[in-house]
Amino acid sequence: MYCEHFGFTTKPFELLPNPAFLYLSRTHSKALTYLRYGISEGTGFVLLTGEVGSGKTTLVRELIKNHLGGLKLAKVFNTKVDSTQLLSMIVEDFGLDPAGRDKTALIRMLNDFLIEQYAERNRCVLIIDEAQNLSGELLEEVRLLSNLETEQGKLLQIVLVGQPELKETLKHADLLQLRQRIQVYCHLGTISAEELKEYVLCRFERAGNRNALEIADEALDMIFRVTRGTPRLVNILMDYVLLDAFGNGTNVASEQAVAEIIEDLDFERQFWGTGETASPAPVRTEAVVPAADQGKAANSNANTLMNIFKKMESRMKGVEKQLARMDVNAVLVLQDRIAGLEKELASQREMTEKALELAQDSLVRAAASREETKVEVVSPIRRRSWAARLLLGGE
């Protein structure tokens, strides 16, 4: 819904493995080179591994779309199957009809097809994605598919793509023959901190507007830290960053805005499972901090909170201005956002009141200890914002 605001023709951070949005980082360029080499040289098995969300499927689709012209290709993306189902999918993707055939008939059909293609000087390639789901028995059956060969090379070349646990599975003693047939192996890493900015701008550009959003360097550093350079997680977080900027009617993403989004999403816990609830700040006592200093600190904290309220008030007004010119779905999203902000404001009320009371008591005690006249505590703000009046009462 924010495409018009940013001048996009399509959303730049969809979670689809679209090769049109592939950013060739150093690790992605290396992996693509290895894959192209392994296939062009007619090696045995080619193995590509990578962490979840690193872009393996996108890379494979780029390989299929732009680098495998003139080859007979079969692709398997669903690997939670038995051996007969796997053979049926392979045969069908080669353009044959597997209906009504048992496992033996399927193997014979595939072998006949490969021999025919070799006679016509056509090379055949099988790509199996999500191969980490294959059991040891299924992997051994995949190896047997590669047994047809001539003195010049294999009749069927096989590319296995999967998560790092695939490599662990291949270490099993029963898979020694398959392991020895893997001639090209590469691991797809994540994008680096230096590459993150260009990754984001590249996707902006391919969506229609490279300069759609100005992102502070500090915000990019924060995005890299919480996503660890994983493209899928960068996409998820950047989609929220764009939505937040749109809701605030701006084309700038500050460090503070990104930090608030990360906190709202509980990013570490949600996507890594490692986040911990923040411990409450230690309470300062008079035995540790002099009363006068404690009063100054508490008063400073109260002022800080009031500044936060003012910023939140400004953001909420920006959100409200958008409501009048958006569709129903956009309104629902922003209403949820407003509800979250209002909840956050309410949660600060008790803390603010205690901070103000502590500031007043500390200043009075400090004045009494110096035998001075009673200190009149004056509010630092003549006319408080609507948020302060709502939470603290009065004018």
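Modeller: Before we dig in, a salt bridge here means a side-chain nitrogen of Lys or Arg within 4 Å of a carboxyl oxygen of Asp or Glu. Keep in mind that this is a predicted model.

Colleague: Fine. How many salt bridges turn up in the whole structure?

Modeller: The search covers the whole structure. Its count of salt bridges is nine.

Colleague: Which residues are linked with Glu-205 in a network of salt bridges?

Modeller: Start with Glu-205 and Arg-210, whose side chains meet in a salt bridge at 3.0 Å, N to O. Arg-210 also pairs with the side chain of Glu-198, again with N to O at 3.0 Å. That pair links distant parts of the chain, 12 residues apart, with Glu-198 in helix α9 (residues 193-207) and Arg-210 in the loop between α9 and β6 (214-215). So the residues networked with Glu-205 are Glu-198 and Arg-210.

Colleague: Is Glu-205 buried, exposed or partly exposed?

Modeller: Buried needs under 20% relative accessible area and exposed needs over 50%. Glu-205 has 46%, so this residue falls in between: partly exposed.

Colleague: And what is the relative accessibility of Arg-210?

Modeller: Its partner Glu-198 is partly exposed at 31%. Arg-210 counts as partly exposed too, because its relative accessibility is 28%.

Colleague: Away from that network, which residue forms a salt bridge with Arg-269?

Modeller: The closest N and O atoms of this pair are 3.3 Å apart. Arg-269 counts as partly exposed at 37% relative accessibility, and its partner does so at 38%. That partner is Asp-266.

Colleague: Let's move to Ser-25. Is Ser-25 buried or exposed?

Modeller: Ser-25 sits in the loop between α1 (3-6) and α2 (26-40). Its relative accessible area is 1%. The cut-off for burial is under 20%, so Ser-25 is buried.

Colleague: Which side chain makes a polar contact with that of Ser-25?

Modeller: Leaving out residues up to four places away in sequence, Ser-25 touches Ile-191 and Glu-195. The polar contact, at 2.6 Å, joins the side chain of Ser-25 to that of His-28.

Notes
Residues are numbered from 1 along each chain as its sequence is written. This is a predicted model: local features need pLDDT of at least 70, side-chain atom pairs count only at pLDDT 80 or more; totals for chains, interfaces and linings use all residues. Side-chain values use heavy atoms; hydrogens and water are left out. Helices (H or I, at least four residues) and strands (E, at least two) are DSSP runs, numbered from the N terminus. Buried means under 20% relative accessible area, exposed over 50%, partly exposed in between (1.4 Å probe, protein chains only). A polar contact is a pair of N or O atoms within 3.5 Å; within protein, one must be able to donate a hydrogen and the other to accept it, and residues adjacent in sequence count only if both atoms are side-chain atoms. Contact means heavy atoms within 4.5 Å.
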